[in-house]
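Thanks, everyone, for making the time this morning. I would like to walk you through one model, and I will try to keep each statement tied to what can be computed from the atoms.

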Amino acid sequence: MENCIFCKIIAGEIPSKKVYEDDLCYAFYDIQPLAPQHFLVVPKAHIAAANEITEEHAALVGHIFAVIAELTKELGFADGFRVVTNCGEDAGQTVKHLHFHVLGGKPLGSFN
Ligand code: AMP
Ligand code: ZN
């Protein structure tokens with residue numbers, strides 16, 4: 001999608017520090033990390049946010065979570081991590097392309 005920063009990252013038009021890529025998704029390190037390990041996983045298809053996920057995306061979302069499990073193992077923090085997706089302005093979503101934050105590498109504390 002035009003003017004979408006994450007579509008541009010996926011297309012290689014904006015540089016990123018790639019963690020992983022396959023036909024369905026792209027993973028890269030967050031430029032403003034909130035934990036020692038902090039990367040984002042995005043579907044290559046432009047979906048604006050979690051509130052646009054339908055049953056048609058079930059396999060894609062399942063695949064992304066399997067990729068997250070594998071990457072956290074490879075990066076050595078599979079024992080404890082947090083997956084977050086912010087949806088909409090009230091949740092602080094700043095990039096309108098669905099993305100899953102994967103955070104770890106330190107005790108993260110309670111969520112609430
Ligand atoms: P959110 O606030 O949930 O929409 O998260 C957007 C995230 O994207 C933030 O954590 C930003 O630091 C991150 N971000 C924005 N631009 C880039 C970029 N060019 N490369 C990597 N991460 C980015
Ligand atoms: Zn996009």
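I will take the metal site, then a helix, then a strand, and finally a few single residues.

Please keep in mind throughout that what you see is a predicted model, and that the values I quote are computed from it.

Let me begin with the zinc ion, which is ligand 2. Which protein atoms serve as its donors? They are SG of Cys4, SG of Cys7, ND1 of His46 and ND1 of His97, and they lie 2.1 to 2.3 Å from the zinc ion. The angles among these four donor atoms run from 102 to 116°, and the site is tetrahedral. For reference, the ideal angle for four tetrahedral donors is 109.5 degrees. Along the sequence, the donor residues of the zinc ion follow the spacing C-x2-C-x38-H-x50-H. One pair among them, Cys7 and His46, links distant parts of the chain, since Cys7 sits in helix α1 (residues 5-10) while His46 belongs to the loop between β3 and α2, 39 residues apart. As for solvent, Cys7 counts as buried because its relative accessibility is 14%, under the 20% cut-off, whereas His46, with a relative accessible area of 27%, is partly exposed.

Just ahead of α1 there is a residue with a backbone detail that I would like to point out. Asn3 lies in the segment before α1, and although Asn3 is not a glycine, its phi is positive, at about 65°. Asn3 has a relative accessibility of 65%, and therefore counts as exposed.

Now to helix α2, which covers residues 58-75. How far apart should its ends be, and how far apart are they? With 18 residues at 1.5 Å a residue, the expected span is 26 Å, and the end C-alpha atoms are indeed 26 Å apart, so the two figures agree. The buried residues of α2 are Leu60, Val61, Ile64, Val67, Ile68, Leu71 and Thr72. Because these residues cover an arc of only 130° around the axis, they are placed on the same side of α2. The face turned away from that buried side carries Ala59 and Lys73, which are exposed. What covers the buried residues of α2 includes the strands β1 (18-21), β2 (25-29), β3 (37-43), β4 (81-84) and β5 (100-104).

As one example from the buried side, consider Val67, which is placed in helix α2 and counts as buried, given its relative accessibility of 7%. Leaving aside its neighbours within four places in sequence, Val67 makes contact with Tyr20, Asp22 and Cys25. Directly after the helix comes Gly76, which has a positive phi, near 85°.

The next element is strand β5, which is mostly covered, with five of its five residues buried. In a regular strand, the side chains alternate between the two faces of the sheet. In β5, Phe100, Val102 and Gly104 point one way, while His101 and Leu103 point the other way, and all of them are buried. On the pairing, β3 and β5 run antiparallel and are joined by five bridges, with Val41 standing opposite Phe100. Strands β4 and β5 also run antiparallel, joined by four bridges, and here His101 in β5 is the bridge partner of Val84.

Two residues show how this region is packed. Leu103, found in strand β5, has a relative accessibility of 10% and so counts as buried. Its C-alpha atom is 5.5 Å from that of Phe81, although Leu103 and Phe81 are 22 residues apart along the chain. Beyond four places in sequence, the residues that Leu103 touches include Leu34, His38, Phe77, Arg82 and Leu108.

Phe77, for its part, is placed in the loop between α2 and β4. Is Phe77 buried or exposed? At 6% relative accessibility, Phe77 counts as buried. In space, the C-alpha atoms of Phe77 and Gly104 are 6.5 Å apart, whereas in sequence these two residues are 27 residues apart. Not counting residues up to four places away in sequence, Phe77 touches Gln37, Phe39, Thr72, Val102, Leu103, Gly104 and Gly105. Among these contacts of Phe77, Thr72 is one of the buried residues of α2, and Leu103 belongs to β5.

That is where I will stop, and I am happy to take questions.

How values were computed: Residues numbered from 1 in each chain as written. Chains lettered and ligands numbered in written order. Predicted model: local features only at pLDDT ≥ 70, side-chain atom pairs only at ≥ 80, totals over all residues. Heavy atoms only, no water. Helix = DSSP H or I, 4+ residues; strand = E, 2+ residues; numbered from the N terminus. Expected span 1.5 Å × (residues − 1). Buried < 20%, exposed > 50% of the residue type's maximum accessible area, 1.4 Å probe, protein only. Arc of directions from axis to C-beta. Contact = heavy atoms within 4.5 Å. Donors = N, O, S within 2.8 Å, 3.2 Å for Na, K, Ca; no water. Tetrahedral: all angles 85-135°; square planar, octahedral: opposite > 155°, others 65-115°. Pairing = 2+ DSSP bridges.
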